[in-house]
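Q: I'm new to this one and would love a close, friendly look at a single part of it, starting from one loop and working outwards. Could you walk me through it step by step?

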Amino acid sequence: KPVILLGVIAFFVMSTEGAIVDWSALYLEKVSLLQLYWIGLGYSIFSATMAIGRFFGDGISGKVGSKLLILSGVFIAAIGFVCILMVKPVIALIGFGLVGIGLSVVIPELFRLAGNTKGLEASVGISFVSGVGFLGFLVGPVLLGFLAEISSLKLSFLALLIFVVMSFFAGLTLKRK
């Protein structure tokens with residue numbers, strides 16, 4: 001029970017990460033109408049900012065705490081999705097960068113919290129959160145494809161914004177650490 005909320009956040013965040021991996025190029029091509037030879041740039045920017053955030057996330061966590069770091073990360077990612085949904089190619093590319101930097105700190109922090117949950121072995125907490133998160137990583141792109149098929153790719157990216165907003169509200173209920 002103590003790690004279920006962490007698992008829910010991990011599911012939404014990793015669903016979003018998986019969807020960006022699989023669908024960012026198609027979004028930039030079909031929705032933002034970016035020239036074909038630039039469409040891989042969205043994922044590249046997302047990956048680069050994700051790596052930068054992972055390198056510096058621990059240091060930031062020690063200064064601001066887990067709850068504020070998670071909330072800040074998903075808030076930045078939400079701003080990124082608003083930029084992506086604006087459709088303009090340059091703004092969408094900036095949005096992919098914001099999503100990467102925002103989400104980069106969330107999963108490691110969730111693993112840290114799961115490993116430090118009182119009354120639960122670290123291995124059990126981390127296994128649960130990572131298992132639910134990776135389920136999201138696999139299911140997220142499929143869900144996005146389904147939404148794109150029945151409606152539009154833009155609607156499916158709106159769903160990712162909703163995932164991030166839901167993660168924010170779930171993060172509000174975390175205990176301050």
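A: Happy to. A helix here is a DSSP run of H or I at least four residues long, and helices are numbered from the N terminus. The model is a predicted one, and every value below is computed from it.

Let's begin at the loop. Val-87 lies between H3 and helix H4, which covers residues 89-104. The phi of Val-87 is near 80 degrees, a positive value in a residue other than glycine. That deserves a second look because most residues other than glycine have a negative phi. Val-87 counts as partly exposed because its relative accessibility is 21%, and the buried class is kept for values under 20%.

Another loop has a similar feature. Leu-33 sits between H1 and H2, and its phi is also positive, about 55 degrees, although Leu-33 is not a glycine. At 65% relative accessibility, Leu-33 counts as exposed, since that class starts over 50%.

From the loops we can step onto the helices beside them. Helix H2 spans residues 41-64 and helix H3 spans 66-85, and each supplies at least two residues of a nonpolar surface patch. The patch has an area of about 930 Å², and among its members are Ile-52, Phe-55, Phe-56, Phe-75 and Ile-101. H2 gives the most to this patch, with five residues. Leu-68, another member of the patch, lies in helix H3. With a relative accessibility of 45%, Leu-68 counts as partly exposed.

H2 also takes part in a charged pairing. The side chains of Arg-54 and Glu-17 meet in a salt bridge, 3.6 Å from N to O. Arg-54 belongs to helix H2 and Glu-17 to helix H1, so this pair ties together parts that are 37 residues apart in sequence. The two partners differ in their surroundings: Arg-54 is partly exposed at 37% relative accessibility, whereas Glu-17 is buried at 8%. As background, side chains of opposite charge can pair when their charged atoms come close.

Right beside Glu-17 in sequence, helix H1 also holds Thr-16. The relative accessible area of Thr-16 is 0%, so Thr-16 counts as buried. Leaving out residues up to four places away in sequence, Thr-16 touches Phe-81, Leu-103, Leu-160, Phe-163 and Val-164. Further along the chain, Glu-29 and Lys-30 form a salt bridge whose closest N and O atoms are 3.8 Å apart. Here Glu-29 is partly exposed at 28%, while Lys-30 is exposed at 53%.

In total the count comes to four salt bridges. One of them joins the side chains of Glu-109 and Arg-112, at 3.0 Å from N to O. Both residues lie in helix H5, three residues apart, which is about one turn of the helix. An α-helix has 3.6 residues a turn, so residues three or four places apart point the same way. Glu-109 counts as buried at 1% relative accessibility, whereas Arg-112 counts as partly exposed at 31%. Salt bridges with shared partners link Asp-58, Glu-109 and Arg-112 into one network. Glu-109 has other neighbours too: beyond residues up to four places away in sequence, it touches Ser-61, Ser-66, Leu-69 and Ile-70.

H5 leads us to the last stop on the tour, H6. Helix H5 (106-115), together with helix H1 (4-30) and helix H7 (153-172), is included in what covers the buried residues of H6. Those buried residues include Gly-125, Val-129, Ser-130, Gly-133 and Gly-136, and also Gly-140, Pro-141, Leu-144 and Gly-145. H6 runs from residue 122 to 150, which makes 29 residues, and it reaches 41 Å from its first C-alpha to its last, close to the 42 Å expected at 1.5 Å a residue. Even so, H6 has a kink of about 30 degrees at Val-139, shortly before the proline Pro-141.

If you want to retrace the route on screen, start at Val-87 in its loop between H3 and H4, go on to the bridge of Arg-54 and Glu-17, and finish at the kink at Val-139 in H6.

Definitions and conventions. Residues numbered from 1 in each chain as written. Predicted model: local features only at pLDDT ≥ 70, side-chain atom pairs only at ≥ 80, totals over all residues. Heavy atoms only, no water. Expected span 1.5 Å × (residues − 1). Bend = angle between axes of the 7 residues up to and from the residue. Buried < 20%, exposed > 50% of the residue type's maximum accessible area, 1.4 Å probe, protein only. Contact = heavy atoms within 4.5 Å. Patch = residues over 30% accessible without salt bridge, like charges linked within 9 Å, V, L, I, M, F, W, Y side chains within 5 Å. Areas by Shrake-Rupley, 256 points an atom, 1.4 Å probe, with all protein chains shown as cover.
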